[in-house]
Amino acid sequence: MTRAQSDIARLLGSARRRQAGITLLSRLGVGLAAALVFLLAGAIALRAGARLPVRWVALGAAGAALLAAVGWAIRDLARRLGGDGATARTVAAGDPALRSALQSSVELLRERDAIASKGHLSVALVDAHVERTAERARTVDLARALPSKPVLQTGWLLLAVAGVHLLALAAGRGPLLAAYRRVVAGDPPGSPIMRDPITGDIELTYRYPAYMRRENRVLSGTGGEVRAPKGTDVGLRTRADRVVATAELQVDVEEAAAPPSTTVPASQAEGAGAQSMGAGPDAAAPSSPPAAPAAAPRPRSQRYALRVTGGRDLAGQFPVTGPGSYRFRFFDAKGKLLAEGPPIPIVVEPDAYPTVRLTAPEREVEVEPGAVVQLAWEAEDDVGLGEVTLVLEPPQGEQKRITLRPDDPIRRASGGHPLAVEPLGLGEGERLGYRVEARDGDTVSGPKVSSSETQFLKIYSAAEHRRQMLDKAKEVYEELVGNLGDRLDLRAPGSPNVEPRVPAAQQVDARTKAVTEHLRQAARDIRRDRAGPKEIAQALENVAQDVRRGIEDVIAHRGQLLYALKAARGAVADLSRRQAREAVSIATSAVERGDATLEGTMERSVLYLEQLLDKRRAEDLLKLAKDLGKKRRELAELMEKYRNAPSEQAKKDLLAQVGRMKEQVRDLLRRMAELSKGFNDEHMNEEALAELAKSQDLLGGLDDVERKLAQGDIEGAMKALDQLASAMDRMASGLSRTARMPDERAAALMKEMLAFKEQLEKLEAGQKDAAAQTEKIRAEYRRRIQEQLRNAEETLKKLHELAKSARKDVDEARPGATFRSEPNFEASAEALGDLERALAMRELDGANEAVRRAQLAVDMLSRDLELDSAGLIPVEPLQRPQLEEARRRVGEAQPKVNEIKDALSKLFPDPRSVLSKEEQQRLGELSRRQGELEQEAGRLQEALDALSKRAPVFPPQAQGQLGESRGHMGQAASELGERNPQRGRGEQDLAMDALSRFRKGLEDAAKNMQGGGEGGGFPYPFAMGEGEGRGDGSDPSREKVKIPGAEAHKVPEAFRKDLLEAMKQGTPERYRPDVQRYYEELVK
Amino acid sequence: MMRTMIAILALTLAPVAAHAAPDRETTALRALEALRAEDPDAAEALLAPLAPWEKAGDMVRYAAGALRFHQQRYTEALELFRASGKRDPFGYPELARAAREVTKDHVRFEAEHFVVFHPKGKDEVLVPYLVETLEKQRAALAQGLGWVPAGKVAVEIVVDAKQLAALSTLDEESVRTTGTVAVAKFNKLMILTPRALLKGYDWLDTAAHEYTHNVLTARTGNRAPLWMQEGIAKWFEQAWRGKHEPVTPFSAALLREAAGQKKLVTFAEMHPSFAKLPTPERAALAYAQVALAIEWLVKQRGPGALVTLTGLIGEGKAWEAAVAESAGVSWKRFQDDWTRYMGQRPLPKGGKHELEKLRFKDDPKKGTQFAEWAEIPDEESRGHARLGEIFRERGRWTSARIEYAKAFSRVGARFPILSGRYALAAVQAGAKQEAEKVLSEALAWNPDYPALNVQMSRLLLDRGNLAAARDHLLAANRVDPFDPEIHAGLAKVLAALGDTAGAERERRFTRILTGQETTP
């Protein structure tokens, strides 16, 4: 064989093998998929209750599918690979030229010998053709010539079928799997033999239980499967497949639902008319199983005789007592079992429990003791609702039931009920549980009862709310303590202001800041609660403000320190190192000062809050003790009544009252024990501890009362109660002493506060008086000046032009501003603007003041530009001309400003030359007086500082305002000393303004402190009046709000008059530039 | 006075005495007189010839009962009282009944010169220290007064003020008001256990003080006036530990103030008992006054003056004359000098702050530790101290230390509660040197404050300075012997110092105080 021949043969052989594989795999795969589908279908059918033969059908179908696939594969193989020619066709199916060459080569090779022998064709030509063909055949890619696509497609098909299997088995779970197993492997040995039906179609008649009020239902032509509620009587009619003498139904009931196994006579089974049908009981049925206990879980059988008519017509009846199945059993005349039908399922349609829910109010609501709460409910049942009841569960005593709707069966109902709380006699803080119960009318299994979730009404308790608020305050207090501890700990190992430790300090700073937020939040929460102690809220706010101010300083300074430290690290030159060291030193001092101040603030705050919290808790405790005393008196009255008219109910009431008191005493003792831990040394002393010990007797005393009452010894019980009374009085008085103690301390502070207030009032009055006296002299001075100014209009016009020009100079110099000169450019422009405006308005006082500022600023600006121009700082070449121009223009502005100043000075002669000697003397006295007032303000400042240290009750800005006022007082004294009533009076105004703001701040703080309830707060005597609320959202529902009427937009007449009058008087001096600017802005 | 008493006794017992033979009756009355003078030996000598007393007359039986009461044989005493009839002008039967009731379950411990009756249980820890102290005091008194009685002296330990009142004829209110913790009477010392007080008291000095009374009574035939009794007892109070510091800083300050304002306690006020003075402050003042009288005398004439003085009174000389003779100046002059001395004597360190209020554990009206904080006069310091407490309660020792330090820097080491807490926080925060410095300063002001001594001993033990640690523990034990830590520390120290028996005893005391061992 030539090489070409062998290549062609190899190609064909390979093609044959490949094609055979593809064909077999694809065809058999399709067959397998079909088979699996048939098996699954069979399993589903079996699961759905189909008879066993369905297995054979499924298996047969699956087998047939496989056989068909095999046949199909054989046919294809024969067709495609049946000889070299067919193979060649198949291989070259996609290339007609090759197909032809290959096919001809195969044929020529087969005939080669014949050709050679006959000689009708050239053998060499044949070989050459074969050689060419072989050459092409070598290039054939079998993967392309015979693609495996059918195999892949079959694989996908199989995968899809497998997926369907998985889904079906997952959905059908165990039973479907079991059915599948049954299809594939058949029933396991010992499985019951599934019998064929022995009756025709069955007519079923459902007679539903009476409570359901449903019509009878007849179903004809059924397979006999029963689906009915429990208690339904099922009537059957059918025809036997053979002639029988007697017949019966065997009913197998699953689980404990069935009553003990019995044979129910047909007469009973079918009701009154059954007897006439002639069916008899089959009490002696041999297959009847022995009676089993009702609770046994396995199926139990009951048999019901069927009435047989005409040898084959059957009728009967059985009640549905539970899920299970039934089967027909036929007997011959001798009672021999002829046939037994397959089990027919009995499915019990469940009678669902009713559903009921409360739709209003919320799960737990807090209500006032006298509230009427509107309840809303909904209930539903699948058959019919019975009674719906509201069940109340008070904390003590028995459950109470209120019928919301009677037993009137409808499927759905809803309604509301106004529940009055007061008659229930609940105490503050007690919870009433309530729920709605609904029952259905099931008379077969007994009514099913459902209940809504239990919801609660809680009686509002101010004490409890207060306690919660106190707990909240305590929580933030603890946070504050912890943070103070962190700050202290921070500096224990050394200064926290060395570079490696600064980040740690910054972390603590951040936490401190967070603490202030929490303090504020707690204060807001406490304010929002109407029982929240307002003085505590105020205290928390004060503390938050103080600490906030301190921590912001510290954070800022520490940031600067860190920056300085980094700069110091990076400094290379000697000069910069020195500067950096100085910067570090300055920043360190600032941080240390800030830390110390903040630490002091936090320390004071901790002590202050502790005192307030202790006091408030002691007061609450006292209140509780007093409540207990009241209850004791009520108990005594009840005893008295009981003694006069003993009854079992009265005794019960007495014991219930004692029980309530014991609960309260336990609560009191528990809280006292908690408090005794929390009280600080100076507040809680041995009296409280001793009282705590004494109070332990209370429970014993109540036990004694209870025991004697139970024994019927009313006299003994009353005596024991008397003894208890004295123990309780002792306790109350001890607690009262404890609660009062902080007040005693506060009283001393109050005294100092009052003295401070008095001092402040005196200072204000003194300042007012000094101002009034100064005003008289100033008025005279102004009058005289005005006279002098009448002839100065021309001069003023000229000065205005000069000012305008100077401002222009400065404005135009602006492009040459350097970094150094920028601030003075700002100041110069502003002062010159003010000067220009003041001169335009002929406000000479303002002009005088403005020109002084302008002169200073322009001089400094000029100096800066000189320095910059001298080359002390590097200036970009391009900027230099602008700088020179700026220097020139500012240089031009300078003499203008000087001229204005000189001119104004002349217009404003020295007050000494205007005022009389007496007036000057008077100004001298006023200066002294003003000096004294300044000293008084200084003393007041010291007092404020001292008081602030004892309690952070003052608003944070107070110290600053007082200082500001004091500064103006000093300035006023100085101006008056210079015999300048104009400026002296101005400073007095400013002093009074600062003083007034200071006072207002105190009054606002006082108002905020008011309304703290019974406890009262820290002594703070600055309140103006009572009843003024704060707009911070504190319990808005309780604030009276006036709804504005249609006229509300109108400004009150008197106010308008005041405004008009004020307008006539002109603008106050120090506001004139602002007013002028305002109008200028308006007209722009 | 005594004669008047005996006359009254004779009258009131007349119905009883009517049945006794005249010589026996006189002897019995003499025996009673001897007992009133706290001289049971004399009484026994008188009554011994009349034995058996059960068969003697009622008067003899009564006197014999009183004798047995003075000999702490209470059951026999009660038998004799019962046999003698019901008249009872001095309350001996009642006292005997109370004494029997109180001491019926007491444990008896007999030492060379003392017999201690103590309640079962924790009070056992007092006994060795009490006996040691009294023996030392006996030796000191033998030298200081020139004589001590030969017989054994009974010491009864009582558990509360009520018992003390029942045994001593004082009323309970007086005991509480004046802070009386011990009485020497009826030929015995009655001492309140230190565990009856919140922080104990200087019980060993007190026992030495009361024993001094006992010796002095015998030495002077009970003829020394009350002021002299108390003055000498106060003078010798710390003699057992070789010291004579009769006034505390507080009482010295009180004295200076009272002398300036002429509000000294008069002799009339001092009678019948210092325990009857209206307040602890007046009582302290009275003690200081009389102690300084003795101090002045010793200063002027040397320690031998007290031997002379008590000897003269014992011989029957009037006390004014005896004082004059031993002082070498007239009584009037002595009184003037003494008064002047009271106003001029330099104040010891501590000054006014040292208000040593005795606080009864079961008396709610008395102060607790809280009041100690309140004694710090500087409000800011009190604030820092409170902050220290706040941090201490939260286990923040470093912060607590810083706050206590701030408070301490303002008021110094005068307030032991502050110093103690500061030192504790410093130790907990790892600053032991700082703690030791604080404690040293604090102990200079309050050498007897037990908590400071205990804390100091911890540090010293830590450093291995055993002898110093022992001294501090013993100092703490002198005030608050029921702190188990003291005994545990002593056990450790004594073992290290080679005192095996002492260490074992202290270990046992530790177990008793911690409830790990019960006494039979």
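Trainee: What makes a stretch of chain B count as a helix or a strand?

Mentor: Helices are DSSP runs of at least four residues with H or I, and strands are E runs of at least two. In this predicted model, chain B comes to 27 helices and five strands on that basis.

Trainee: How do you know that β1 and β2 of chain B are paired?

Mentor: Two strands pair if DSSP finds at least two bridges between them. β1(B) and β2(B), residues 114–118, have four bridges, so they pass. Their pairing is antiparallel, and B:V107 stands opposite B:H118 of β2(B).

Trainee: What is the strand order in the open sheet of chain B?

Mentor: The order is β1-β2-β3-β5-β4, and the pairing is mixed. From one strand to the next, the twist averages 15 degrees.

Trainee: Why are β1 and β4 of chain B said to stand at the edges?

Mentor: Each has a single partner strand, so one side of β1 (107–110) and one side of β4 (182–185) has no neighbour in the sheet.

Trainee: What makes a residue of chain B buried, and how many percent are?

Mentor: Buried means under 20% relative accessible area. Of the 520 residues in chain B, 56% are buried.

Trainee: How do you know which parts of chain A to read with care?

Mentor: Check pLDDT, the predictor's confidence from 0 to 100. Chain A averages 79, but pLDDT stays under 50 over residues 257–297 and also over residues 1024–1051. Where pLDDT is low, predicted coordinates shouldn't be read in detail.

Note on methods
Residues are numbered from 1 along each chain as its sequence is written. Chains are lettered from A and ligands numbered from 1 in the order in which they are written. This is a predicted model: local features need pLDDT of at least 70, side-chain atom pairs count only at pLDDT 80 or more; totals for chains, interfaces and linings use all residues. Side-chain values use heavy atoms; hydrogens and water are left out. Contact means heavy atoms within 4.5 Å. Buried means under 20% relative accessible area, exposed over 50%, partly exposed in between (1.4 Å probe, protein chains only). Axes are lines fitted to C-alpha atoms, for helices over the stretch in contact, and angles run from 0 to 180 degrees between N-to-C directions.
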